[in-house]
Structures are given as C-alpha cells and as structure tokens.
Amino acid sequence: MAKSGRPPKPAGPSKGCKALVKWINKKGLTRDQVCDLFDWEKSRLSRYTTGARMPNSRTMHRMEAMCGIPMSHWLES
C-alpha cells in the first residue's frame with residue numbers, strides 16, 4: 001500500500017522534539033499516520049515537532065509508552 005501525506009517538519013530545539021521526529025522517521029510514518037495513531041490534529045503534531053508547544057504531562061506519558069521518549073526529554077534543550 002502506498003504512503004500518503006507529508007513527512008514531519010524539521011525538529012525543534014528540545015530533545016523531545018528531536019526524539020519524536022527521529023521516531024517518526026525510523027518507523028517510516030507520514031504526518032497523517034502519526035496523527036491517526038495518536039488521534040491528533042496535524043497542527044498539534046507540527047507544534048510538538050517544531051517546539052512551538054510542549055505536550056502536557058498526559059501526552060508526554062503516552063508518547064513515552066508508545067514511542068519510548070522519556071518525559072524529561074521535553075524539558076531539555
């Protein structure tokens with residue numbers, strides 16, 4: 001099955017942003033697939049990956065469980 005959608009934007013400054021983009025690229029996922037997986041709007045994914053917004057603690061915990069990104073990474077540059 002062919003992939004559709006765009007890849008995520010370049011990673012923001014935090015370790016969390018970089019880890020999320022790295023995880024997406026490693027899994028070969030598109031922006032649409034990630035949004036479907038987490039039930040997010042595309043703008044939310046964009047804000048997390050670019051560093052425009054930091055996820056709340058519940059979202060960080062969910063990403064840690066699903067992606068292996070430690071919550072502390074979102075607080076580190």
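This report covers the fold, helix 4, the aromatic residues and Thr50 of a predicted model.

**Overall fold**

The chain has four helices and zero strands. Read along the sequence, the order is α-α-α-α. The chain has 77 residues, and 36% of them count as buried. Its accessible surface is about 4,900 Å². Carbon and sulfur atoms supply 51% of that area. Among contacts in the chain with a separation of 6 or more, 58% join residues 24 or more positions apart.

**Helix 4**

Helix 4 spans residues 57-67. Its buried residues are Thr59, Met60, Met63 and Cys67. These four lie on the same side of helix 4, because they cover an arc of only 100° around the axis. What do the buried residues of helix 4 pack against? They pack against helix 1 (15-27), helix 2 (31-38) and helix 3. On the other side of helix 4, Ser57, Arg58, His61 and Ala65 are exposed.

Both ends of this helix have a local feature. At the N-terminal end, Asn56 acts as the cap. A side-chain oxygen of Asn56 lies 3.2 Å from the backbone nitrogen of Arg58. Just after helix 4 comes Gly68, with a positive phi of about 80°.

**Aromatic residues**

The structure holds four aromatic pairs. One of them joins Trp23 and Phe38 in an edge-to-face arrangement. The ring centres are 6.3 Å apart, and the planes meet at 70°. That angle counts as edge-to-face because it is over 60 degrees. Trp23 sits in helix 1 and Phe38 in helix 2, so the pair ties together parts 15 residues apart in sequence. Both residues also belong to one aromatic cluster, formed by Trp23, Phe38, Trp40, Tyr48 and Trp74.

**Thr50**

Thr50 lies in helix 3, which covers residues 42-50. The side chain of Thr50 reaches the backbone oxygen of Ser46 at 2.8 Å. Thr50 and Val21 are 29 residues apart along the chain, and their C-alpha atoms are separated by 9.2 Å.

The table sets Thr50 beside the two aromatic partners.

| Residue | Relative accessible area | Class |
|---|---|---|
| Trp23 | 12% | buried |
| Phe38 | 1% | buried |
| Thr50 | 28% | partly exposed |

Why is Thr50 partly exposed rather than buried? Its relative accessible area is 28%, and buried means under 20%. Trp23, at 12%, falls under that cut-off and is therefore buried. Phe38, at 1%, is buried too.

Key
Residues numbered from 1 in each chain as written. Heavy atoms only, no water. Helix = DSSP H or I, 4+ residues; strand = E, 2+ residues; numbered from the N terminus. Buried < 20%, exposed > 50% of the residue type's maximum accessible area, 1.4 Å probe, protein only. Contact = heavy atoms within 4.5 Å. Areas by Shrake-Rupley, 256 points an atom, 1.4 Å probe, with all protein chains shown as cover. Polar contact = N/O pair within 3.5 Å; in protein donor to acceptor, adjacent residues only side chain to side chain. Arc of directions from axis to C-beta. Phe/Tyr/Trp six-rings, centres within 6.5 Å; stacked < 30°, edge-to-face > 60°.
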